[in-house]
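Hi,

Here is the structure I promised to pass on. Have a look at it first, and my notes on what turned up are underneath.

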Amino acid sequence: MESEVKNCTKCSLHKSRRQTVFGCGNKDSDWLFIAEAPGKDEELKGDPFVGRAGRLLNEIIFSIGLNREDIYIANILKCRPPNNRDPLAEEVHKCEPYLIHQINLIKPKLIVALGRVAAKTLLNNDLSLKEMRSVKHNYYGIPLVATYHPAALLRNQNLKPAAWDDFKWIRNLII
Ligand code: URA
């Protein structure tokens, strides 16, 4: 599937991308973190969350006793949207089957959706992040929780206490 993604031309993002970002981490993990789409640093490196937001994500997961090697991280979109704009419905529609396949292979015990775009795409709703947080959702039989995207925490430090509450709660969902 990884080479299929590398060669994917299903949506127009393939025309502007430098390279695809498939996902990385522990393929047997209980924890699957899903965010929106690769940014500039991720597109250059070919891995998710390697920039500033990635460093904060590393700190967050470390603070709840996990490492990057313990989790798997993927994005809804495997290509970077120009100027990091929000994914278009058509791009999500074309790319989502890859993510669904990844979820079926990894079989996580918990999906952590990072940010509103990831959460509303997976849950197929149009709710605010506030409405989706602190609830154990059900993604085709897999528990799913939604919390802030690390980039949002970098933009607004005031969100950090609420994010910390989320992660303490999330940590205890898997024993
Ligand atoms: N933001 C995302 O949504 N995904 C990444 O991989 C990096 C930043």
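Let's start with Ala37: one of its backbone N or O atoms lies 3.0 Å from a nitrogen atom of the ligand. Please keep in mind that this is a predicted model. Phe49 also uses its backbone, with a polar atom there 3.1 Å from an oxygen atom of the ligand. With Asn75 it is the side chain that comes in, placing a polar atom 2.8 Å from a ligand nitrogen. On its own the ligand would expose 240 Å², and the protein buries 91% of that.

As for the site itself, the ligand takes up the space of the largest pocket. Around the ligand you'll find Ala35, Glu36, Ala37, Glu42, Pro48, Phe49, Asn75 and His149. By type, that shell splits into 4 nonpolar, 2 polar and 2 charged residues.

Now the sheet. It is an open one with 6 strands and mixed pairing, and the order across it is β1-β3-β2-β4-β6-β5. At the edges are β1 (24–25) and β5 (137–139), each of which pairs on one side only.

Two of the strands are worth finding on your screen. β2 covers residues 31–35 and β3 covers residues 71–75; the two run parallel and are joined by 5 bridges. If you want a pair to look for, Phe33 has Ile73 in β3 as its bridge partner. You can also pick up the ligand from here: Ala35 and Asn75 are among the residues around it, and they fall within the ranges of β2 and β3.

Cheers

Definitions and conventions: Residues numbered from 1 in each chain as written. Predicted model: local features only at pLDDT ≥ 70, side-chain atom pairs only at ≥ 80, totals over all residues. Heavy atoms only, no water. Near = heavy atom within 4 Å. Polar contact = N/O pair within 3.5 Å; in protein donor to acceptor, adjacent residues only side chain to side chain. Areas by Shrake-Rupley, 256 points an atom, 1.4 Å probe, with all protein chains shown as cover. 1 Å grid on protein atoms, 1.4 Å probe; cavity = no way out; pocket = protein on both sides within 12 Å on 5 of 7 lines; lining within 4 Å. Sits in = over half its atoms within 2 Å of the grid points. Nonpolar A, V, L, I, M, F, W, Y, C, P; charged D, E, K, R; others polar. Pairing = 2+ DSSP bridges. Helix = DSSP H or I, 4+ residues; strand = E, 2+ residues; numbered from the N terminus.
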